[in-house]
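Welcome, and thanks for taking a look at this one with us. Please have the sequence and the 3D view open side by side as you read.

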Amino acid sequence: MKNIKLVGLTFLIGLFLISCGGKKGADLAKTWQVTAIKTETDLPDSLRNAMIANSKMAFTKDGAYTTTGGIGADQGTYTLDEDVKNLSTVSSAGKSSEVYTISKLDKDNLILKNRGNTVTCIAVK
């Protein structure tokens, strides 16, 4: 009887962990306003401000993304790894494929890192 309870408890804990893990990835599916960009190389403030101006990134639940504004217009598909630590994008315009490390992701904040660059975003409400 103890073994059955232990197996049942283990199953419930596993189910809880799986359901909680899926939520974090669901936080990505929305529109994000770019608020800061840090690069390895120094950029003039005017160029950095132009890149940030009206820059948005939108991710949908079905795995599509779009970017607009000073960071450039693009669209394509994305995937998240199992741990929601890496975001992979594939441009449908043939621009490129990229992998970003997700430094922070919650309902209000997104921070992506790629090749020494950091993009900080807040959720559009």
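Where is the place of G116? G116 sits in the loop between β7 and β8. Before going further, please keep in mind that this is a predicted model.

## The chain as a whole

Let us start with the overall layout. The secondary structure amounts to two helices and eight strands, and following the sequence gives the pattern α-β-α-β-β-β-β-β-β-β.

Of the 125 residues in the chain, 26% are buried. The chain exposes about 8300 Å², and 60% of that comes from carbon and sulfur atoms. Among the contacts with a separation of 6 or more, 37% are between residues 24 or more positions apart.

## Strand β8 and its two partners

Strand β8 (residues 117–123) is a good place to rest the eye. On one hand, β8 is joined to strand β1 (residues 31–38) by six bridges, and these two strands run antiparallel. Here, Q33 stands opposite I122 of β8.

On the other hand, β8 pairs with strand β7 (residues 109–114), again in the antiparallel sense and over six bridges. Within this pairing, L112 has V119 in β8 as its bridge partner.

## The turn between β7 and β8

The hairpin of β7 and β8 has two residues between the strands, and R115 adopts a positive phi near 50 degrees there.

Now back to G116, in the loop between β7 and β8. Is G116 buried, partly exposed or exposed? Its relative accessibility is 42%, so G116 counts as partly exposed. Beyond its neighbours within four places in sequence, G116 is in contact with K38, T39 and E40. T41 is worth finding too: G116 and T41 are 75 residues apart along the chain, while their C-alpha atoms are separated by 8.9 Å.

## A residue in β5, and a glycine in a loop

Next, please find T89, which belongs to strand β5 (residues 86–91). T89 has a relative accessible area of 7%, and because buried means under 20%, T89 is classed as buried. Which residues does T89 touch, not counting those up to four places away in sequence? They are Y65, T77, Y78, S96, S97, E98 and Y100.

G72 offers another stop, in the loop between β3 and β4 (74–80). At 22% relative accessibility, G72 counts as partly exposed, since the buried class is reserved for values under 20%. G72 and K56 are 16 residues apart in sequence, with 9.3 Å between their C-alpha atoms.

## The largest pocket

How many residues line the largest pocket? The lining has 24 residues, and those that lie nearest the centre of the pocket are T67, I71, E98, Y100 and V119. The volume of the largest pocket is about 580 Å³.

Several strands share in this lining: β2 (56–59), β3 (64–68), β5, β6 (97–105), β7 and β8 each supply at least two residues. By class, the lining has 11 nonpolar, eight polar and five charged residues.

Some names will be familiar by now. V119, one of the residues nearest the pocket centre, is also the bridge partner of L112. E98 and Y100, likewise among the residues nearest the centre, are both touched by T89.

Technical notes:
Residues are numbered from 1 along each chain as its sequence is written. This is a predicted model: local features need pLDDT of at least 70, side-chain atom pairs count only at pLDDT 80 or more; totals for chains, interfaces and linings use all residues. Side-chain values use heavy atoms; hydrogens and water are left out. Helices (H or I, at least four residues) and strands (E, at least two) are DSSP runs, numbered from the N terminus. Buried means under 20% relative accessible area, exposed over 50%, partly exposed in between (1.4 Å probe, protein chains only). Contact means heavy atoms within 4.5 Å. Two strands pair if DSSP finds at least two bridges between them. On a 1 Å grid over the protein atoms alone, a cavity is a set of points where a 1.4 Å probe fits but cannot get out, and a pocket is an open set with protein on both sides within 12 Å along at least five of seven lines; lining residues have an atom within 4 Å of a point. Grid points are joined across faces, edges and corners, and a volume is the space filled by probe spheres set on the points. Ala, Val, Leu, Ile, Met, Phe, Trp, Tyr, Cys and Pro count as nonpolar, Asp, Glu, Lys and Arg as charged, and the others, Gly among them, as polar. Accessible areas come from the Shrake-Rupley method with a 1.4 Å probe; for residues, only the protein chains shown count as cover.
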